[in-house]
Amino acid sequence: MKVVYQIKQPIAHEMEVFEKKFSLFMSSKVALLNKITHFIVNRKGKQMRPMFVFLVAKMVSNGEVNDRTYRGASVIELIHTATLVHDDVVDDSNQRRGFFSINALWKNKIAVLVGDYLLSKGLLLSIDNDDFDLLKIISVAVREMSEGELLQIEKARRLDITEAIYYEIIRQKTATLIAACCSLGAAAVKPNSVDVDDMRKFGELIGMAFQIKDDLFDYGQRKIGKPTGIDIKEQKMTLPLIYAINQSSKKDKDWIINSIKNHNKDKKRVNKVIDFVKSSGGLDYATAKMHQFQDEALQILAQYPESDYKSSLKLMVDYVINREK
């Protein structure tokens, strides 16, 4: 948490103002909705996405932010929250960030409607202020996130994911939202500039590294509050696993695929798959790829002049790689 505090320092004032504005943007005339949105606001996470928006905006504009920046950060957070609420329904999950999820407390029907409400609030916030360039960035991200989830489900049925398809899934599923945060931060203060595309690429690279780090957690590198091997149990083909399969003989490959398809609830079998992935160099390969994405992201940052905002973004890149949960 100390690192997150450090990252936030150059934008501490903006984050304080943002929290007040965000609460206002979420408000409704319906008492039940206000009760639920109040619950969401009070259980906020680290707020990395709005932090990306403000840090990028200030880095590319010599410390300037405007009303569009606050609206952009709010829209991203509204839409991200909507996707989390819907994800918990899809996954039948009763917890989110250590608290009960919306669907656990208010049931699925209400959770889906709350997610829809947050999504529409985000879209209207952009439309009502003619932020059509920002709306396009966000709408593309929502489309890609949906496509990425569906592509992963489709491939999980057949377990025929190549490394290239894996990268496309995580680019759409995870990286596209961080890319949207960063391009939106630039677009809010410098619309139609080269910075918008540069920052989109920067965010995408961080998102790719972030997801690979999540994949590595599944192999028990740290205690992170989720059981080891959960991705295997859910038939998710992650980078360490894909690499191990590609390096194995036909016999071993058939055994792994059979284990994931038909024995993914057998703890001993799952542990054997984990051991096989480790001994095949899957973790080392995934770690090397994660660092490759990190280096490419830092190369994009290198073209900007030194500032507190740039330093915080560098810290953010390191935090993605070194976090323990």
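These are my notebook entries on a few helices, rings and single residues that I looked up in this structure.

**Entry 1: before starting**

I reminded myself that this is a predicted model. I also reminded myself how helix packing is described: two packed helices get an angle between their axes and a distance between the axes.

**Entry 2: α7 against α8**

I began with helix α7, residues 132–158, and helix α8, residues 163–189. At what angle do they pack? I found about 170 degrees, with the axes 8 Å apart. An angle over 145 degrees counts as roughly antiparallel, so α7 is roughly antiparallel to α8. Then I checked the hand of the crossing: α7 passes α8 in a left-handed one. I also sorted the residues of this contact by class, and got 13 nonpolar, five polar and eight charged.

**Entry 3: α8 against α9**

Next up was α8 with helix α9, which covers residues 194–217. How far apart are their axes? They are 6 Å apart, and the packing angle is about 140 degrees. This pair is labelled oblique. I wondered why α8 and α9 get that label. An angle has to be over 145 degrees to be roughly antiparallel, and 65 to 115 to be roughly perpendicular. About 140 degrees falls in neither range, so α8 is oblique to α9. Is this crossing left-handed or right-handed? I noted down right-handed for α8 and α9. By class, this contact holds 15 nonpolar residues, five polar ones and five charged ones.

**Entry 4: the loops on either side**

I then went looking in the loops. D130 is in the loop between α6 (102–128) and α7. What is odd about its backbone? D130 has a positive phi of about 60 degrees, although D130 is not a glycine. Its relative accessible area is 55%, and over 50% counts as exposed, so D130 is exposed.

N192 sits in the loop between α8 and α9. Its phi is positive too, at about 60 degrees, and N192 is not a glycine either. Is N192 buried or exposed? With a relative accessible area of 80%, N192 is exposed.

**Entry 5: I137 and R200**

Back to α7, this time for one residue in it, I137. I137 has a relative accessible area of 18%, and the cut-off for buried is under 20%, so I137 counts as buried. Then I looked at R200, which lies in helix α9. At 31% relative accessibility, R200 is partly exposed. How far apart are I137 and R200 in space? Their C-alpha atoms are separated by 9.5 Å, while along the chain the two residues are 63 apart.

**Entry 6: H80 and Q6**

I picked H80 next, and found it in helix α5, residues 67–90. H80 is buried, with a relative accessible area of 7%. I also looked at H80 and R49: they are 31 residues apart along the chain, and their C-alpha atoms are 8.6 Å apart.

Q6 is in helix α1, residues 2–8. Its relative accessible area is 45%, so Q6 goes down as partly exposed. What about its separation from M316? In sequence Q6 and M316 are 310 residues apart, yet C-alpha to C-alpha I read 9.6 Å.

**Entry 7: rings**

Last, I turned to aromatic rings. How many aromatic pairs are there? The count comes to six, taking ring centres within 6.5 Å as a pair. Which residues do ring pairs link into a cluster? I wrote down F18, F22, F54 and Y70.

One ring of that cluster, Y70, has a charge over it as well. K21 lies over the face of Y70, at 5.4 Å from the ring centre. I found another charge over a ring at F210: the charged end of R323 sits there, 3.8 Å from the ring centre.

**Entry 8: what I want to remember**

For my own revision, α7 and α8 are roughly antiparallel, whereas α8 and α9 are oblique. The crossing of α7 and α8 is left-handed, and that of α8 and α9 is right-handed. I137 in α7 and R200 in α9 are 9.5 Å apart, C-alpha to C-alpha.

Technical notes:
Residues are numbered from 1 along each chain as its sequence is written. This is a predicted model: local features need pLDDT of at least 70, side-chain atom pairs count only at pLDDT 80 or more; totals for chains, interfaces and linings use all residues. Side-chain values use heavy atoms; hydrogens and water are left out. Axes are lines fitted to C-alpha atoms, for helices over the stretch in contact, and angles run from 0 to 180 degrees between N-to-C directions. Helices (H or I, at least four residues) and strands (E, at least two) are DSSP runs, numbered from the N terminus. Angles under 35 degrees count as roughly parallel, over 145 as roughly antiparallel, 65 to 115 as roughly perpendicular and the rest as oblique. A crossing is left-handed if the near helix is turned anticlockwise from the far one by less than a right angle, and right-handed if clockwise. Ala, Val, Leu, Ile, Met, Phe, Trp, Tyr, Cys and Pro count as nonpolar, Asp, Glu, Lys and Arg as charged, and the others, Gly among them, as polar. Rings of Phe, Tyr and Trp (its six-membered ring) pair if their centres lie within 6.5 Å; planes under 30 degrees apart count as stacked, over 60 as edge-to-face and the rest as tilted. A charge sits over a ring if NZ of Lys or CZ of Arg is within 6 Å of the ring centre and within 35 degrees of the ring normal. Buried means under 20% relative accessible area, exposed over 50%, partly exposed in between (1.4 Å probe, protein chains only).
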